[in-house]
Amino acid sequence: MGRGHPHAISHAKPGARYIQVGNSAGAASTITDLVLRNKLLTLVGHSLFATPAEVRRSAYAQMAGHAIDGKLTVDLERTRLEDISGTWEHLKTGAPRKLVVTP
């Protein structure tokens with residue numbers, strides 16, 4: 001849970017479940033006791049290593065099939081390599097979607 005997550009948890013509906021799947025926003029977070037008590041939240045950690053290899057293979061094959069069939073879309077913004085300085089600044093200021101750099 002990183003820097004942005006306490007805000008999201010503060011606005012979660014009572015009984016919400018928060019699943020932590022990475023720490024790109026930081027490895028530590030501060031969540032107040034008031035938020036946990038009043039929301040009755042469930043916090044769940046995740047580790048890919050705890051998932052059996054066959055389950056991961058099956059899920060990947062299903063996801064790839066969806067991508068091939070055009071059922072999987074990703075909200076992204078393409079930028080050109082020659083514009084990398086502007087792309088970097090855009091990323092640092094909070095790009096609204098994933099950025100993909102192309103030649």
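These legends describe an overview and several close-up views of one predicted model.

The model is predicted: local features need pLDDT of at least 70, side-chain atom pairs count only at pLDDT 80 or more, and totals for chains, interfaces and linings use all residues. Residues are numbered from 1 along each chain as its sequence is written, and side-chain values use heavy atoms, with hydrogens and water left out.

**View 1. The whole chain has 4 helices and 4 strands.** Read from the N terminus, the elements run α-β-α-β-α-β-α-β. Helices (H or I, at least four residues) and strands (E, at least two) are DSSP runs, numbered from the N terminus. Of the 103 residues, 11% are buried. Here buried means under 20% relative accessible area, exposed means over 50%, and partly exposed lies in between (1.4 Å probe, protein chains only). The chain exposes about 8,300 Å², and carbon and sulfur atoms supply 59% of that area. Accessible areas come from the Shrake-Rupley method with a 1.4 Å probe; for residues, only the protein chains shown count as cover. Among contacts with a separation of 6 or more, 48% come from residues 24 or more positions apart. A contact means heavy atoms within 4.5 Å.

**View 2. Strand 3 pairs with strand 4 in the parallel sense.** Strand 3 covers residues 76-80, strand 4 covers residues 98-102, and 5 bridges link them. Two strands pair if DSSP finds at least two bridges between them. T79 has V101 of strand 4 as its bridge partner. The chain passes from strand 3 through helix 4 (residues 84-92) to strand 4, a right-handed β-α-β crossover. Right-handed means that, with the strands pointing away from the viewer, the path from the first strand over the helix to the second runs clockwise.

**View 3. R97 and E77 form a salt bridge.** Their closest N and O atoms are 3.4 Å apart. R97 lies in the loop between helix 4 and strand 4 and E77 in strand 3, so the pair ties together parts that are 20 residues apart in sequence. R97 is partly exposed, at 33% relative accessible area. E77 is also partly exposed, at 22%. A salt bridge is a side-chain nitrogen of Lys or Arg within 4 Å of a carboxyl oxygen of Asp or Glu. The whole structure holds 6 salt bridges.

**View 4. E82 forms a salt bridge with R80.** The closest N and O atoms of this pair are 1.9 Å apart. E82 is exposed, with 63% relative accessibility. R80 is partly exposed, with 43%.

**View 5. Helix 4 carries a salt bridge between E89 and K92.** The closest N and O atoms are 3.1 Å apart. The two residues sit 3 residues apart in the helix, about one turn. E89 counts as partly exposed at 41% relative accessibility, whereas K92 is exposed at 51%. Elsewhere, salt bridges that share partners join D75, E77 and R97 into one network.

**View 6. Y60, M63 and L72 make a nonpolar surface patch.** The patch measures about 320 Å². M63 belongs to helix 3 (residues 53-68). At 40% relative accessibility, M63 is partly exposed. Patches are made of residues with over 30% relative accessible area and no salt bridge; like charges are joined within 9 Å, and nonpolar side chains (Val, Leu, Ile, Met, Phe, Trp, Tyr) within 5 Å.
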